[in-house]
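Hi everyone, thanks for coming. Today I'd like to talk about charged side chains and how they pair up, so let me bring the structure up on the screen.

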Amino acid sequence: MYEKDGEQYYVVDGHVHIWDARESNHRNVHGKQFIDCFYDYHRNLSPDEMIWDYDTYTYYGPERFMKDVFGDGHVDHAIFQATLLRDFYHRCFGQTGECLDLVRQHPGKLTYNHAYDPRDREEGLEQLRRDAEQMQLKGVKLYTAEWHGDSRGYRLDDPWSRRYLEACLELGIKNIHVHKGPTIRPLDRDAFDVADIDHVATDYLDLNFIVEHVGLPRLEDFCWIATQESNVYGGLAVVMPFIHARPRYFAQIIGELLYWLGEDKILFGSDYALWTPQWLVERFVDFQIPADLPEYPEITVAQKKKILGLNAASLYDLEVPRALQLPAEADAGTR
């Protein structure tokens with residue numbers, strides 16, 4: 001819980017990782033290209049005092065994760081978003097075992113969202129069913145630009161992808177997080193296009209589609225989709241560090257999101273360890289739309305509380321202490 005100026009904020013970091021991008025895990029040159037691109041984002045968008053050395057960045061482990069996210073990071077609950085990249089890394093990029101160990105060791109503080117690839121077809125469907133039971137999945141994280149043999153991406157509305165989404169409905173996996181944002185070397189930009197979100201959101205109304213990175217650099221396309229689809233949400237991972245590097249650009253993004261999506265459909269995420277949540281939470285609580293951007297109204301404290309945690313808590317049925325709820329929500333809970 002973060003407190004500032006007498007206001008208390010329940011914080012859900014909706015996008016965190018434990019990865020292993022050390023050289024010993026590289027399957028080919030693309031493994032190094034990927035982590036080097038991550039590190040460039042980290043260095044270029046972080047305050048100087050928050051920049052890690054490269055070796056630590058490639059692998060930091062569970063102990064450092066807990067310190068940065070919960071010890072120092074003001075976070076009440078965090079959600080792991082799996083990233084496999086099996087064609088680039090021997091033991092995958094995201095470390096499923098280490099994440100699940102932390103979930104078991106810290107009940108109530110962590111949620112794990114696993115990944116699947118519909119190009120695995122029937123075998124992958126069976127694996128999804130096993131994973132849903134064993135991992136108690138409430139959500140999944142999809143990477144439509146991931147390479148798979150000769151394939152360099154897929155669409156959410158492909159026939160096999162639809163079979164997996166139907167399986168998610170059957171299994172009670174209701175939160176579908178999809179990377180639709182900046183490309184990462186060597187992945188292809190067009191494989192992250194947001195257009196397929198429009199199709200599946202219309203067809204699967206009982207699923208929530210959380211578009212991670214809000215479609216950047218296709219923000220306008222994303223907003224026009226999300227404003228008409230009640231089950232499409234925006235995840236702020238990658239958006240958040242612009243609050244430091246380019247604050248006016250950040251103000252324009254958050255202003256557009258609030259205008260088109262509304263305050264109930266925007267979710268905070270640090271994308272740890274791309275960035276650490278501590279400074280992002282603190283900067284966002286202090287942030288205000290500049291006066292010379294009059295087309296965007298000021299962001300209220302209630303809006304910040306929803307974005308920082310209450311919206312994600314609603315999607316994941318997290319129990320928020322009454323004192324940290326907004327008054328109307330607390331009253332509704334009592335009734």
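There are 23 salt bridges in this structure, and please keep in mind that we are looking at a predicted model. As a quick reminder, side chains of opposite charge can pair when their charged atoms come close.

Let's begin with Glu7 and Lys305, a salt bridge whose closest N and O atoms are 2.8 Å apart. Glu7 sits in strand β2 (residues 7-9) and Lys305 in helix α12 (residues 301-315), so this pair ties together parts of the chain that are 298 residues apart in sequence. How buried or exposed are the two partners? Glu7 is partly exposed, at 29% relative accessible area, while Lys305 counts as buried, at 12%.

Helix α12 comes up again in another pair: Lys306 of that helix is linked with Glu263, which is in the loop between α10 (247-260) and β10 (266-267), 43 residues away. Their side chains meet in a salt bridge at 2.8 Å, N to O. Here Glu263 is partly exposed, with a relative accessible area of 26%, and Lys306 is buried, at 13%.

Now, over to Glu122 and Arg163, which form a salt bridge with their closest N and O atoms 3.1 Å apart. This one connects helix α5 (residues 121-135), home of Glu122, to helix α6 (residues 159-171), home of Arg163, with the two positions 41 residues apart in numbering. Glu122 is partly exposed at 39%, and Arg163 is partly exposed at 37%.

That's my tour of the pairs; I'm happy to rotate the view for anyone.

How values were computed:
Residues are numbered from 1 along each chain as its sequence is written. This is a predicted model: local features need pLDDT of at least 70, side-chain atom pairs count only at pLDDT 80 or more; totals for chains, interfaces and linings use all residues. Side-chain values use heavy atoms; hydrogens and water are left out. A salt bridge is a side-chain nitrogen of Lys or Arg within 4 Å of a carboxyl oxygen of Asp or Glu. Helices (H or I, at least four residues) and strands (E, at least two) are DSSP runs, numbered from the N terminus. Buried means under 20% relative accessible area, exposed over 50%, partly exposed in between (1.4 Å probe, protein chains only).
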